[in-house]
Amino acid sequence: MPSPSAIAVSLAVLCVAQFHLAEMISIRKVAYNVTAKHLDTKVSGNTLNDDQFSVSTLIEKANTNLGQEYDRTVIEFGDIAVPGGLQNADPCTARGCKWPKTKGNVYVPYLISRQYSARERQIIEQGLRSFSTSTCVRFKPRGTEQDYIKIESLNGCFSFVGRRGGAQTVSLSRNGCVYFQVVQHELLHALGFNHEQTRSDRDQHVRIVYENIMRTQEHNFRRINTNNLLTPYDYNSVMHYGRFAFSRNGQATIVPIPNPNVAIGRAMEMSRNDILRINRLYNCSQT
Ligand SMILES: [Zn+2]
């Protein structure tokens with residue numbers, strides 16, 4: 001069983017960088033209030049101010065103190081737990097990390113820790129249930145199943161990508177992760193999906209601005225050989241990080257191309273493409 005004590009405290013350097021970012025955000029907020037609103041919307045599709053409830057802002061904030069190691073597992077790409085080194089749909093989905101299907105439905109057993117309040121539990125359950133209205137995925141309380149997800153409040157928000165076998169943690173910290181969009185985001189990782197901006201074809205749709213990324217966080221922007229399931233690149237995916245993700249200076253780290261002003265990473269719920277991908281990866285009959 002993973003123990004919270006196995007989580008290393010983050011590097012002092014990272015903390016300094018984060019404080020710096022927080023400072024930049026508050027400075028920008030003041031500027032935002034003073035300048036005409038249309039100026040900001042003209043400059044870009046996102047501002048630091050209106051990105052504050054975007055999935056990546058919430059996750060980045062909640063994971064500020066998350067170390068790189070969790071139970072001998074590396075946390076990469078902001079919130080993905082990678083078992084023992086490197087291992088849209090991750091390439092592992094072709095090798096058996098999908099959840100099994102029974103009579104047309106994909107049942108994913110879950111346990112929710114008793115750490116949560118009734119209200120928090122309700123938000124988590126809403127997230128779990130939301131998959132059943134538009135896909136063939138059915139999260140169901142665990143009985144005696146061997147493979148299941150264990151939703152608990154560890155340090156930060158993170159998940160493994162795909163089914164690992166046995167109990168696998170989906171961490172939704174009570175301190176900043178219990179939001180509907182974050183619940184959906186982490187569950188999509190557990191179903192086998194990566195971040196949109198790490199997609200194999202991302203360089204045709206976004207420019208990664210490395211000079212603005214915190215030095216210790218560049219690994220979050222590595223490209224992955226994903227299976228995109230013939231779905232278009234989607235700025236509105238709940239798996240897309242925001243314009244300022246892991247910024248070291250308050251400047252954009254992800255800029256859409258060709259139009260740099262399009263808003264990105266602002267989804268408050270799964271997009272139509274997120275849903276389409278689940279249905280394609282798991283061959284749900286809706287597609
Ligand atoms: Zn993520």
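This section describes the predicted model of a zinc-bound protein, from its overall features to its metal site, disulfides and selected residues.

The protein comprises 287 residues, of which 54% are buried. Its secondary structure consists of six helices and 11 strands. The exposed surface amounts to about 13,200 Å², and carbon and sulfur atoms contribute 53% of that area. Confidence in the prediction is expressed by a mean pLDDT of 82, with 78% of the residues at 70 or more. Residues 1–43 have a pLDDT below 50, and in the model this stretch makes 54 contacts beyond near neighbours in sequence. Helix α3, which spans residues 55–62, is mostly covered, since six of its eight residues are buried. The buried positions of α3 are Val55, Ser56, Leu58, Ile59, Glu60 and Ala62.

The zinc ion is bound by protein donors from Asp79, His185, His189 and His195. Asp79 is listed with two OD donors, whereas each of the three histidines contributes its NE2 atom. The donor atoms lie 2.0 to 2.2 Å from the ion. Two of these ligands were examined for accessibility. His189 has a relative accessibility of 0% and, because this falls under the 20% cut-off, is classed as buried. His195 is likewise buried, with a relative accessible area of 1%.

Asn194 is found in the loop between α5 and β10. With a relative accessibility of 2%, Asn194 counts as buried. Apart from neighbours within four places in sequence, the contacts of Asn194 include the zinc ligand His189. Its other contacts are Ile80, Asn88, Ala89, Asp90, Val161, Ile224, Thr226 and Met239. The side chains of Asn194 and Asp90 are joined by a polar contact of 2.9 Å. Asn194 and Val161 are separated by 33 residues in sequence, while their C-alpha atoms are 7.1 Å apart.

Three disulfides are present in the model. When the bonded cysteines are counted along the chain, their pairing follows the pattern 1-2, 3-6, 4-5. The disulfide between Cys92 and Cys97 has a sulfur-to-sulfur distance of 2.1 Å. Its torsion about the S-S bond is 60°, and the link of Cys92 and Cys97 is right-handed. Cys92 and Cys97 are both buried.

In the disulfide of Cys136 and Cys284, the sulfur atoms are 2.0 Å apart. This disulfide is left-handed because the torsion about the S-S bond of Cys136 and Cys284 is about -65°. Cys136 occupies the loop between α4 (118–134) and β6 (137–141), and Cys284 belongs to the segment after α6 (272–281), so the pair ties together parts that are 148 residues apart in sequence. Cys136 and Cys284 are both buried.

The disulfide formed by Cys157 and Cys177 places their sulfur atoms 2.1 Å apart. The link of Cys157 and Cys177 is left-handed, with -85° about the S-S bond. Cys157 is part of strand β8 (residues 157–160) and Cys177 lies in the loop between β9 (167–172) and α5 (180–191), so this pair connects parts that are 20 residues apart in sequence. Both cysteines of the Cys157 and Cys177 pair are buried.

Val137 is located in strand β6. Val137 has a relative accessibility of 0% and therefore counts as buried. The C-alpha atoms of Val137 and Cys284 are 8.3 Å apart, although the two residues are separated by 147 positions along the chain. With neighbours within four places in sequence left aside, Val137 contacts Val106, Val108, Phe131, Ser132, Leu191 and Ile278.

Ser237 lies in the loop between β10 (206–208) and β11 (254–256). Although placed in a loop, Ser237 is buried, with a relative accessibility of 1%. The side chain of Ser237 forms a polar contact of 2.7 Å with the side chain of Asp274. Beyond residues up to four places away in sequence, Ser237 touches Glu196, Ala267, Ser271, Asp274 and Arg277.

Notes: Residues are numbered from 1 along each chain as its sequence is written. This is a predicted model: local features need pLDDT of at least 70, side-chain atom pairs count only at pLDDT 80 or more; totals for chains, interfaces and linings use all residues. Side-chain values use heavy atoms; hydrogens and water are left out. Donors are N, O and S atoms within 2.8 Å of the metal (3.2 Å for Na, K and Ca); water is not among the atoms, so sites may look incomplete. Buried means under 20% relative accessible area, exposed over 50%, partly exposed in between (1.4 Å probe, protein chains only). pLDDT is the predictor's confidence in each residue, from 0 to 100. Contact means heavy atoms within 4.5 Å. A disulfide is a pair of cysteine sulfur atoms within 2.5 Å. Helices (H or I, at least four residues) and strands (E, at least two) are DSSP runs, numbered from the N terminus. Accessible areas come from the Shrake-Rupley method with a 1.4 Å probe; for residues, only the protein chains shown count as cover. A polar contact is a pair of N or O atoms within 3.5 Å; within protein, one must be able to donate a hydrogen and the other to accept it, and residues adjacent in sequence count only if both atoms are side-chain atoms.
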